[in-house]
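Student: I'd like to learn how to read a model like this one. Can we go through it feature by feature?

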Amino acid sequence: MSASLQSRIQSEVEKFQTAIHKCLVPLQKTAYLCMAECSDPNQSPQSIERCYKKCQHAISSADNHVQFTVQNFQRGIQQCDMNCQDKTDQSQYEACVSACAEKVLHKFPAETDELISKLQATNSI
């Protein structure tokens with residue numbers, strides 16, 4: 001994989017991380033504040049534990065959405081490499097991987113936007 005393609009992938013991943021961070025931090029804050037409210041010494045340990053789990057549900061769901069999106073992106077890039085293995089020389093291989101990866105990279109911002117919409121919907125629940 002060429003250095004310029006690696007740099008482009010890294011740049012897209014960094015943009016993704018920044019955008020997702022802005023959505024996850026409010027979810028985490030909400031979960032922590034909710035858990036603080038659960039910490040009532042007058043409640044049974046089981047009741048407190050149920051409350052904690054309820055508080056963590058939104059962030060757990062958000063984490064699953066993020067992992068799914070990241071895994072799909074990684075799988076797309078890996079698939080490019082596998083699909084181009086049959087190229088006879090290095091320059092053909094690089095061109096094949098680059099063309100394929102550009103398609104994956106082109107779709108990634110829209111997938112990120114879709115994920116952000118899901119996270120924002122999760123935060124409003």
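Tutor: Let's start with one residue, V66: leaving out residues up to four places away in sequence, V66 touches F16, I20, L24, L115 and L119. Contact here means heavy atoms within 4.5 Å.

Student: Before we go on, what kind of model is this, and how are residues numbered?

Tutor: This is a predicted model, where local features need pLDDT of at least 70 and side-chain atom pairs count only at pLDDT 80 or more, while totals for chains, interfaces and linings use all residues. Residues are numbered from 1 along each chain as its sequence is written, and side-chain values use heavy atoms, with hydrogens and water left out.

Student: Is V66 buried or exposed?

Tutor: The cut-offs are these: buried is under 20% relative accessible area, exposed is over 50%, and partly exposed is in between (1.4 Å probe, protein chains only). V66 has 14% relative accessibility, so it counts as buried. V66 is found in helix 2, and its C-alpha lies 14 Å from that of Q28, with the two positions 38 residues apart in sequence numbering.

Student: Which elements does the protein have?

Tutor: Helices (H or I, at least four residues) and strands (E, at least two) are DSSP runs, numbered from the N terminus. The protein has 3 helices and 0 strands, and the order from the N terminus is α-α-α.

Student: How do I read an aromatic pair?

Tutor: In general, you describe a pair of aromatic rings by the distance of the centres and the angle of the planes. Rings of Phe, Tyr and Trp (its six-membered ring) pair if their centres lie within 6.5 Å; planes under 30 degrees apart are stacked, over 60 edge-to-face, and the rest tilted. Searching the whole structure turns up 2 aromatic pairs. For F16 and F108, the ring centres are 5.2 Å apart and the planes are at 35°, so this pair is tilted.

Student: Why does that pair tie together parts 92 residues apart in sequence?

Tutor: Because F16 lies in helix 1 (residues 3–38) and F108 in helix 3 (residues 90–123). Both F16 and F108 are buried. Add F73, and F16, F73 and F108 form one aromatic cluster.

Student: Which residues does T69 touch?

Tutor: Not counting residues up to four places away in sequence, T69 touches F16, F108 and L115. T69 is in helix 2 and counts as buried at 10% relative accessibility.

Student: What about E12: buried or exposed?

Tutor: E12 counts as buried, at 9% relative accessibility. E12 lies in helix 1 and, with residues up to four places away set aside, touches L105, F108 and P109. Compare K107 in helix 3: K107 is partly exposed, with a relative accessible area of 48%. The C-alpha atoms of K107 and F73 are separated by 9.2 Å, and the two are 34 residues apart along the chain.

Student: Where is I77, and which residues is it in contact with?

Tutor: I77 sits in helix 2 (residues 45–83). Neighbours within four places aside, I77 is in contact with M1, I9, A101 and V104. I77 is buried, with a relative accessible area of 12%.

Student: M1 came up there; which residues does Y93 touch?

Tutor: Y93 touches M1, D81, C84, Q85 and K87, again not counting residues up to four places away. Y93 is in helix 3 and is buried, at a relative accessible area of 16%. Y93 and A110 are 17 residues apart in sequence and 27 Å apart in space, C-alpha to C-alpha.

Student: How do I read the overall shape?

Tutor: Try the radius of gyration, taken over C-alpha atoms; the globule rule is 2.2 Å times the number of residues to the power 0.38. A compact globule of 125 residues would come out near 14 Å, but the protein has 20 Å. Along the principal axes, the C-alpha atoms fill a box of roughly 70 × 25 × 20 Å.

Student: What share of the residues is buried?

Tutor: Buried residues make up 27% of the 125. As for contacts between residues at least 6 apart in sequence, 75% join residues at least 24 apart.
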